[in-house]
Amino acid sequence: MSIKPKRNQYAATPTYVEIETTIMCNATCWFCPQKNTLRQPKYMEEWVWKKIIDDTRGIGAIYRPFLLNEPFADKRMTDIVEYIKQDPTAKVEFNTNGSMLTPKVTDKLIEAGVDIMRFSVDGLYRSTFDESRGISYDKVYKHVAYFLEQSKKAPYPIKTEVRMIKLPDTEQEQVEFKEYWSKHEPDDIIFTDLYSYPWENQTESTNLPCLKIEKELFFYVDGTATLCCWDATGRQIIGDVKKENALDIWNGQEMSRCRTLLDAGKRDQLDLCSRCDAYVNTDFSDWDGFDYDAYKAQESQKKPAKYFEIKPESKPEVEVE
């Protein structure tokens, strides 16, 4: 069902703060651009991630200590969670493939106060899982089940979610996936569409507003801030926390410029957004300042866009230090 959002007024502080504490990932997902990412350093300097957290203390943010990576490839992660949770208004959310979330790490995370855990499992059948993840099926299933079991014993509520991407020809597998994980009682079992990152398959601009910039602030491993979590290659940098306060970036001139253009549907005037088709099925007719009827009329005159088929490719194993 199409959503029908109204224009956001942009709060003075972000709801979500995403921190890429490492660029490392141990999975080999063929649909993820992480394999082509060359950002350095491999791990964010301690003073940088602490500064991001310190700059945003007391605003009631939900911290996501990951971006284009596997969060638990960073062995400091439980320490990072503990540092975040020194702020009683803060929450911590993860999205993980589960392979590195050992029982020992799970116990430490729950003790530290993790609030939300989303597992990208992406397959019940070994054949599907192996193609999409490239990591140990047995470890993932064991680790996810253990976390779900322990989360129910926690002295505070932990929201849990198990996800599977809707890969082609997996309709029956999705039914069985839901049946299997329902027995472990996560809060939600979600099936997500497979999407393309900007500049992967798109050949022209989709000139619509964007919902992704409403509430989220994103930091790369080097401390620079990007407009969007789907900016895999740093096309739209909006600041550098090594030189600026994180909230000054959120309310800064470059962020304001990008918001103004995107509110008007002018994605073609931003390098990153000019090849992004996110929210193409969203009804923006109630979006103040954007002529959705004119957009639809213009689109109806276009020929269907040409897209390239995404195919699996092999990737060498990533060594995680």
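A nonpolar core is a set of buried Ala, Val, Leu, Ile, Met, Phe, Trp, Tyr and Cys residues joined through side-chain atoms within 4.5 Å. The exercises below concern a predicted model.

**Exercise 1. The nonpolar cores**

Task: State how many residues the largest nonpolar core has, and which residues have the most contacts inside it.

Solution.
1. The largest nonpolar core has 81 residues.
2. Phe94 and Val121 are the residues with the most contacts inside this core.
3. Among the contributors, helix α5 (residues 137–151) gives the most, namely six residues.
4. Leaving out residues up to four places away in sequence, Phe94 touches Pro65, Phe66, Pro71, Phe72, Met77, Val81, Leu109, Val114, Ile116, Met117 and Arg118.
5. Another core lies apart from the largest one; this other core has seven residues, including Leu208, Leu211, Tyr292 and Tyr295.

**Exercise 2. Helix α1 against helix α2**

Task: Classify the relative direction of α1 and α2 as roughly parallel or roughly antiparallel, and give the handedness of their crossing.

Solution.
1. Helix α1 spans residues 46–55 and helix α2 spans residues 77–84; their axes come within 10 Å and cross at roughly 25°.
2. Angles under 35 degrees count as roughly parallel.
3. The two helices α1 and α2 are therefore roughly parallel to each other.
4. Their crossing is right-handed.
5. On the α1 side the contact is made by Trp49, Lys50, Ile53 and Asp54, and on the α2 side by Ile80, Tyr83 and Ile84.
6. Sorted by class, this contact of α1 with α2 has five nonpolar residues, two charged residues and no polar ones.
7. A point on helix geometry applies to such contacts: an α-helix has 3.6 residues a turn, so residues three or four places apart point the same way.

**Exercise 3. Helix α2 against helix α3**

Task: Repeat the analysis for α2 and α3: at what angle do their axes cross, and which residues meet?

Solution.
1. The axes of α2 and helix α3 (residues 103–112) come within 9 Å and cross at roughly 5°.
2. With the cut-off for roughly parallel at under 35 degrees, α2 and α3 are therefore roughly parallel to each other.
3. From α2, the residues Thr78, Val81 and Glu82 meet Val105, Lys108, Leu109 and Ala112 of α3.
4. The contact of α2 with α3 divides into four nonpolar, one polar and two charged residues.

**Exercise 4. The surroundings of α2**

Task: Find how many of the residues of α2 are buried, and what covers them.

Solution.
1. A residue counts as buried under 20% relative accessible area.
2. In α2, this holds for Met77, Thr78, Ile80, Val81, Tyr83 and Ile84.
3. Six of the eight residues of α2 are thus buried, so the helix is largely enclosed by the rest of the structure.
4. The cover over the buried residues of α2 includes α1, β2 (62–64), β3 (91–96) and α3.

**Exercise 5. Two buried residues**

Task: Locate Thr160 and Trp230 and list what each touches.

Solution.
1. Thr160 belongs to strand β5 (residues 159–165).
2. Its relative accessibility is 3%, so Thr160 counts as buried.
3. Not counting residues up to four places away in sequence, Thr160 touches Met117, Phe147, Leu148, Ser151, Pro186, Asp187 and Asp188.
4. Trp230 is placed in the loop between β8 (224–226) and β9 (237–240).
5. At 15% relative accessibility, Trp230 counts as buried.
6. With the same exclusion in sequence, Trp230 touches Tyr195, Tyr197, Pro198, Lys212, Leu272, Ala278 and Tyr279.
7. Trp230 and Ala278 are 48 residues apart along the chain, and their C-alpha atoms are separated by 9.7 Å.

**Exercise 6. Backbone exceptions**

Task: Which peptide bond is cis, and what is phi for Glu185 and for Tyr279?

Solution.
1. The background is this: most residues other than glycine have a negative phi, and most peptide bonds are trans.
2. The bond from Gln40 to Pro41 is cis, with omega near 0°.
3. Pro41 sits in the loop between β1 (16–19) and α1.
4. Glu185, not a glycine, has a positive phi of about 55°.
5. Glu185 lies in the loop between α6 (171–182) and β6 (188–192), and at 53% relative accessibility Glu185 counts as exposed.
6. For Tyr279, also a residue other than glycine, phi is positive and near 65°.
7. Tyr279 lies in the loop between α8 (253–263) and α9 (292–300), and at 22% relative accessibility Tyr279 counts as partly exposed.

Notes:
Residues numbered from 1 in each chain as written. Predicted model: local features only at pLDDT ≥ 70, side-chain atom pairs only at ≥ 80, totals over all residues. Heavy atoms only, no water. Helix = DSSP H or I, 4+ residues; strand = E, 2+ residues; numbered from the N terminus. Buried < 20%, exposed > 50% of the residue type's maximum accessible area, 1.4 Å probe, protein only. Contact = heavy atoms within 4.5 Å. Axes fitted to C-alpha atoms, helices over the stretch in contact; angles between N-to-C directions. Parallel < 35°, antiparallel > 145°, perpendicular 65-115°, else oblique. Left-handed = near helix turned anticlockwise from the far one by under 90°. Nonpolar A, V, L, I, M, F, W, Y, C, P; charged D, E, K, R; others polar.
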